[in-house]
Structures are given as C-alpha cells and as structure tokens.
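Welcome to this short tour. Open your viewer, get comfortable with rotating and selecting, and follow along one stop after another.

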Amino acid sequence: MSKKIPIAVPQGSKWCHGCQQVKPVQSFWIDRSKKDGRHYCCIRCGDRKALERAERGRMMNEVFLRVGRG
Ligand SMILES: [Zn+2]
C-alpha cells in the first residue's frame, strides 16, 4: 500500500480519507473505477459534501427571496 494510513485496517473495513477513521466497507460508496471497488471516502463524507452544496443552494435561494421581497 502506498497511501499513508496511521493505523492497521482490519479486513472488511476501510480507511476514510474524509473523516480520517476506519469504517466498515458498507459505509463507503461503491465505485467500480477503484481497485477495491469502493470510494475513498465514506457515505457520510459524501453526504456532507452534498449537504454543503445543498446548503449553498438554499442560501442563494434566501438571498433571492430577500431581494424579491425588497
Ligand atoms: Zn468519512
């Protein structure tokens, strides 16, 4: 393994590069382009990114609403 992971990862688990901890492989998105078939970060980290995007979208909406209201 070439990537630096601070602890030993047991079988059936995977190191999440997003939250920097070991999680069961079931907690990772399936990514068939990857060698191990799973995304490098877990679903929660992926969700966080999606949430950030949604949050930004909502803020934009609020700005538009405020402007619309005058
Ligand atoms: Zn994570």
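Of the contacts in the chain with a separation of 6 or more, what share comes from residues 24 or more positions apart? The figure is 20%. Keep in mind as you look around that this is a predicted model.

**Stop 1: the whole chain**

Select everything and show it as a cartoon. You should find one helix and four strands, and following the sequence gives the pattern β-β-β-β-α. Now turn the chain about. Its C-alpha atoms fill a box of roughly 60 × 25 × 20 Å along the principal axes. The radius of gyration is 18 Å, whereas a compact globule of 70 residues would have a value near 11 Å. Buried residues account for 10% of the 70 residues.

Next, colour the chain by confidence. The mean pLDDT of the chain is 84, and 91% of the residues reach 70 or more. Among the elements, β2 has the highest mean, at 95, while helix α1 has the lowest, at 80.

**Stop 2: the hairpin**

Select residues 13-16, which are strand β1, and residues 21-24, which are strand β2. These two strands pair in the antiparallel sense, over four bridges. Which residue of β2 stands opposite Ser13? Pro24 does. Move along to Cys16 and you will see Gln21 of β2 opposite Cys16. Together β1 and β2 form a hairpin, with four residues between the strands.

**Stop 3: two glutamines**

Click on Gln20, in the loop between β1 and β2. The phi of Gln20 is near 60°, a positive value in a residue other than glycine. For background, most residues other than glycine have a negative phi. Is Gln20 buried or exposed? Gln20 has 11 other C-beta atoms within 10 Å, so Gln20 is exposed.

Step on to Gln21, which belongs to strand β2. Gln21 counts as exposed because there are 12 C-beta neighbours inside 10 Å, and a residue with 12 or fewer is classed that way. Add Pro6 to your selection and draw a distance from C-alpha to C-alpha. Gln21 and Pro6 are 15 residues apart in sequence and 9.3 Å apart in space.

**Stop 4: the nonpolar core**

Show the side chains of Trp15, Cys16, Phe28, Cys41, Cys42 and Cys45. These six residues make up the largest nonpolar core. Strands β1 and β4 (38-42) each supply at least two residues of this core. As a general background point, nonpolar side chains tend to be buried together in soluble globular proteins.

Stay here and select Cys41. Which residues is Cys41 in contact with, leaving aside neighbours within four places in sequence? The partners are Cys16, His17, Gly18 and Gly46.

**Stop 5: along the helix**

Now select residues 43-69, which are helix α1. Begin with Arg44, a residue of helix α1. Arg44 has 14 C-beta neighbours inside 10 Å, so Arg44 counts as partly exposed. Draw a distance to Lys4: the two are 40 residues apart in sequence, and their C-alpha atoms are 21 Å apart.

Slide on to Leu51, also found in helix α1. How many other C-beta atoms lie within 10 Å of Leu51? There are 11, so Leu51 is exposed. Phe28, which you met in the core, makes a handy reference point. The C-alpha atoms of Leu51 and Phe28 are separated by 17 Å, with their positions 23 residues apart along the chain.

Finish at Glu62, which lies in helix α1. Glu62 is exposed because there are 10 other C-beta atoms within 10 Å. For a last distance, pick Gln11. Glu62 and Gln11 are 51 residues apart in sequence and 46 Å apart in space, C-alpha to C-alpha.

**Looking back**

Zoom out once more and retrace the stops. You have visited the hairpin formed by β1 and β2, the six-residue nonpolar core, and three residues of helix α1: Arg44, Leu51 and Glu62.

Conventions: Residues numbered from 1 in each chain as written. Pairing = 2+ DSSP bridges. Buried ≥ 20, exposed ≤ 12 C-beta atoms within 10 Å, placed from the backbone. pLDDT = per-residue confidence, 0-100. Core = buried A, V, L, I, M, F, W, Y, C linked by C-beta atoms within 7 Å. Contact = placed C-beta atoms within 7 Å. Rg over C-alpha atoms; globule rule 2.2 N^0.38 Å.
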